[in-house]
Amino acid sequence: MRAALMYGAGNVRIETVPHPTIQEPTDAIVRIVAGCICGSDLWPFASMPDSAEGSRMGHEFVGVIEELGSGTTGLAVGDFVIAPFVASDGTCDFCREGLQTSCRHGAHWGGPNDGGQGEFARVPQASGTLVVVPAGFDEQLIPSLLSLSDVMSTGYHAAQKAGIRPGQTVAVIGDGAVGLSAVIAANLMGASRIILMGRHAPRTDLGREFGATDVVAERGEEGIARVKELTDGDGTHVVLEAVGLKPALEMAIGVVRDGGVISRVGAPQFSEVPIGFGEFMRNITLTGGVAPARAYIEELLPLVLDGSIEPGKVFDRTVELDGVPTGYQAMADREALKVLVRP
């Protein structure tokens, strides 16, 4: 079969790799119908050291089950399924608590393992990992179904960890796919005002469609001042930070209201958190983390199927497998928001 491998910064190739096989009774083999390129894939695309082996890429996909191990339950060959970005057994203590990203027997896509940017994937712990989409889904829903594997679930995780209550004001920092998904989530949870902080008009226009009431293009101190102006000097009850860079967190600290919550889901690209005594005195809560997508997919799936939400609109370009390298470059150059891959 064919799949995408990254050999270093800017070096993505499509190559022939071994077709996956059942290795454990709990495995499934899935024919990938759609995968995508994630914003987090752009970090290694910009900085990965050269490698002779290459690393399989992609951690988001939907597809059809082709083969099942003898130890799987609740699945059938032919099922159309969503694969969250982390595999989990569904039975350990962390999975039962809804924290599948900490599963004691979990696994990750890519690297030496099969990835979502390919034709097939071996899914470990298939019964705990895969979510079956009810029969009769529309082909047009595939982008939104695919978004549940990561970005929509991650945006929802940001809102859930923040504990948004109806009537609260929310700032969303970042107009990428996760930030736009966080706008959807804040709207679902009843936020009265959603301020999207981003400066790319096609993206912020989509954010308004998703429920943003205001857009702030300014950054840094200017951005903080603008949000304060929009909120009578107080700032917002909640900030959802979907970038992962230190300036974004600094801006979040600046715009959050005293006693407010900052929920971080942007993959952090720094280690020093700029919170000192002044922030301590303001009673700011800092939360967030990696999203246990498996915990949210079944909750969000009915909203996609009945058309209540359309998170798949974050995909603004579709490529075949041979187009994956150019898809990476398009996202890196900000020419595409999120690229869908059809093997």
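Q: At what angle do the axes of helix 5 (residues 151–162) and helix 11 (residues 293–305) cross?
A: This is a predicted model, in which local features need pLDDT of at least 70 and side-chain atom pairs count only at pLDDT 80 or more, while totals for chains, interfaces and linings use all residues. Residues are numbered from 1 along each chain as its sequence is written, and side-chain values use heavy atoms, with hydrogens and water left out. Helices (DSSP runs of H or I, at least four residues) and strands (E, at least two) are numbered from the N terminus, and axes are lines fitted to C-alpha atoms, for helices over the stretch in contact, with angles from 0 to 180 degrees between N-to-C directions. The axes of helix 5 and helix 11 come within 9 Å, and they cross at roughly 100 degrees.

Q: How is helix 5 oriented relative to helix 11?
A: Angles under 35 degrees count as roughly parallel, over 145 as roughly antiparallel, 65 to 115 as roughly perpendicular and the rest as oblique. The crossing of roughly 100 degrees therefore makes helix 5, relative to helix 11, roughly perpendicular.

Q: Which residues of helix 11 make the contact with helix 5?
A: Contact means heavy atoms within 4.5 Å, and the residues of this contact divide into 6 nonpolar, 3 polar and 1 charged. Here Ala, Val, Leu, Ile, Met, Phe, Trp, Tyr, Cys and Pro count as nonpolar, Asp, Glu, Lys and Arg as charged, and the others, Gly among them, as polar. Helix 5 contributes Met 152, Ser 153, Tyr 156, His 157 and Gln 160, and helix 11 contributes Ala 293, Tyr 296, Ile 297, Glu 299 and Leu 300.

Q: Which strands stand at the edges of the open sheet with the order 13-12-11-14-15-16?
A: This sheet has 6 strands with parallel pairing, where two strands pair if DSSP finds at least two bridges between them. Each edge strand has a single partner strand, so one side of each is left without a neighbour in the sheet; these are strand 13 (214–216) and strand 16 (285–288).

Q: Which residue of strand 13 stands opposite Leu 196?
A: Strand 12 (residues 193–197) runs parallel to strand 13, and 3 bridges join them. Opposite Leu 196 in strand 13 stands Val 215.

Q: What angle does the direction of helix 6 (residues 177–188) make with that of strand 12?
A: Helix 6 packs on the sheet, where it touches strand 11 (169–173), strand 12 and strand 14 (236–241). Its direction makes with that of strand 12 an angle of about 175 degrees.

Q: In strand 2, which residue is the bridge partner of Ala 4?
A: Strand 1 (residues 2–8) belongs to an open sheet of 3 strands in the order 2-1-4, with antiparallel pairing. Strand 1 and strand 2 pair over 6 bridges, and the bridge partner of Ala 4 is Ile 14.

Q: How much space lies in the largest cavity?
A: On a 1 Å grid over the protein atoms alone, a cavity is a set of points where a 1.4 Å probe fits but cannot get out, a pocket is an open set with protein on both sides within 12 Å along at least five of seven lines, and lining residues have an atom within 4 Å of a point. Grid points are joined across faces, edges and corners, and a volume is the space filled by probe spheres set on the points. The lining of the largest cavity includes Pro 84, Phe 85 and Ala 293, and by class it has 6 nonpolar, 2 polar and 1 charged residues. The space in the largest cavity is about 40 Å³.

Q: What volume does the second largest pocket have?
A: The second largest pocket is lined by 16 residues, of which Gln 23, Pro 112, Asn 113, Asp 114 and Arg 122 lie nearest its centre. Its lining has 7 nonpolar, 6 polar and 3 charged residues, and its volume is about 270 Å³.
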